[in-house]
Amino acid sequence: MSGSSDVTTAAALATRATTRLRDSLMQPELTFLMEAHDGLSARIAAGEGFQALWASGLSISTALGVRDSNEASWTQMLDVVEYMAEATDAPIVVDGDSGHGNFNSARRFSRKAERVGAAGVCFEDKLFPKMNSFVGSDHDLVPAEDFCAKIAAAKDAQTDPDFLVIARTEALIAGLGQDEALERAEAYRKAGADAVFIHSRKKTFDEIGAFAREWAGRAPLVIAPTTYAATTTDEFQQAGISAVIWANHSMRAAFHAIRDTCRQILHGRSVNGLDRLATLPEVFGLLDYDELDRSERQYYGQPAN
Ligand code: SPV
Ligand code: MG
């Protein structure tokens, strides 16, 4: 890395994570938020260069071995987010589900998310307990006014002016159509949402593309192309999308990697050939074990071993 890019990186990191995320969403290039579900996946994603992270409800729940239906409590979710925030400087948007109750639970969640180091929260307009958007057909929404109260309360609760509150409408997931989705998104924008997350479980980008055309840039638009994965990011950019959440990809990658390793050890009776395993020096490097040595020398004045 050159001297001048060192300076650029240091200057970028000196800016608060909240400000970096807000600035990133406001400029015309796509922002990528990579899913992370613990400190390790957060370190890996940020280390690879993702600008921001998505603390996914689905992936954190899955990593905890529970279902994405508010089986983990909101404090359990934020305990994980705290490890993620300690592990990286990358801005983190926390999946706040439907706010874990009423306006008061939503604002308490949001305030606590900010305290543990998140750069923003995202709430969705489903009932509590919510069910993951890709499971079954039971996706009833709360009345738009109730959800507006959660957004307004969360905005009032933030202390950092750049902290983001993202409103997610599940109107398309619930089969309520474009008009309802647009009406809700507009109401949430007026209630103070900094950005709108429009979700779909269609296999093509069509319904999101149609929404984006009508929305016409009223506020930054966020998507999670889990099912319409064949669409290119250029198409998202041309449609005026601001941010793309790769919502569950680390968790799904880990799922197969862990399972295949278990199978090979159990049935192959050997770890030979498992060359995709991380080496321990790689692991120690990522977690900066050397820093302990350096600090020990600094504080005790002893030579390193
Ligand atoms: C999550 O990652 O938990 C999300 C996105 O909410 S999705 O699972 O696509 O609904
Ligand atoms: Mg979720």
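In the classification used here, Ala, Val, Leu, Ile, Met, Phe, Trp, Tyr, Cys and Pro count as nonpolar, Asp, Glu, Lys and Arg count as charged, and the others, Gly among them, count as polar. By this division, the lining of the second largest cavity has 9 nonpolar residues, with no polar and no charged residues. The structure examined is a predicted model, and the values reported below were computed from it.

A search of the whole structure finds 2 cavities of 30 Å³ or more. The second largest cavity holds about 50 Å³ of space, and the residues that line this cavity are Leu 21, Leu 25, Leu 33, Trp 54, Val 93, Leu 164, Ile 166, Val 222 and Ile 245. Two elements give two or more residues to this lining, namely helix 2, which spans residues 17–26, and strand 5, which spans residues 164–169. The largest cavity, for its part, has a volume of about 160 Å³. Its lining is made up of 18 residues, and those that lie nearest the centre of the largest cavity are Asn 132, Phe 134, Arg 168, His 199 and Ala 247. When the lining of the largest cavity is divided by class, 7 residues are nonpolar, 7 are polar and 4 are charged.

Turning from cavities to pockets, the largest pocket has a volume of about 790 Å³. A total of 26 residues line the largest pocket, and Leu 40, Ile 44, Ser 250, Ala 254 and Ala 257 are those that lie nearest its centre. At least two residues of this lining are supplied by each of helix 3 (39–48), helix 4, helix 11 (249–268) and helix 12 (280–286), and the largest share, which amounts to 8 residues, comes from helix 11. The lining of the largest pocket comprises 17 nonpolar, 5 polar and 4 charged residues.

Helix 4, one of the elements that supply residues to the largest pocket, is also in contact with helix 5. The axes of helix 4 (residues 57–64) and helix 5 (residues 74–87) come within 11 Å and cross at roughly 100°. Because angles of 65 to 115 degrees count as roughly perpendicular, helix 4 and helix 5 are therefore described as roughly perpendicular to each other. On the side of helix 4, the contact is made by Gly 57, Ile 60, Ser 61 and Leu 64, while on the side of helix 5 it is made by Met 77, Val 80, Val 81 and Met 84. The residues of this contact divide into 6 nonpolar and 2 polar, with no charged residues.

Two individual residues, His 249 and Glu 124, were also considered as a pair. His 249 has its place in helix 11, whereas Glu 124 lies in strand 4, which covers residues 120–124. Glu 124 has a relative accessible area of 0% and is therefore buried, since buried means under 20% relative accessible area. His 249, by contrast, counts as partly exposed, because its relative accessibility is 27%. When residues up to four places away in sequence are not counted, His 249 touches Met 34 and Glu 35, and Glu 124, treated in this way, touches Asp 95, Asp 97, Ser 98, Lys 130, Phe 147, Arg 168 and Glu 170. Along the sequence, His 249 and Glu 124 are 125 residues apart, and in space they are 20 Å apart from C-alpha to C-alpha. Arg 168, one of the residues touched by Glu 124, is also among the residues that lie nearest the centre of the largest cavity.

Methods
Residues numbered from 1 in each chain as written. Chains lettered and ligands numbered in written order. Predicted model: local features only at pLDDT ≥ 70, side-chain atom pairs only at ≥ 80, totals over all residues. Heavy atoms only, no water. Axes fitted to C-alpha atoms, helices over the stretch in contact; angles between N-to-C directions. Helix = DSSP H or I, 4+ residues; strand = E, 2+ residues; numbered from the N terminus. Parallel < 35°, antiparallel > 145°, perpendicular 65-115°, else oblique. Contact = heavy atoms within 4.5 Å. 1 Å grid on protein atoms, 1.4 Å probe; cavity = no way out; pocket = protein on both sides within 12 Å on 5 of 7 lines; lining within 4 Å. Points joined across faces, edges and corners; volume = space filled by probe spheres on them. Buried < 20%, exposed > 50% of the residue type's maximum accessible area, 1.4 Å probe, protein only.
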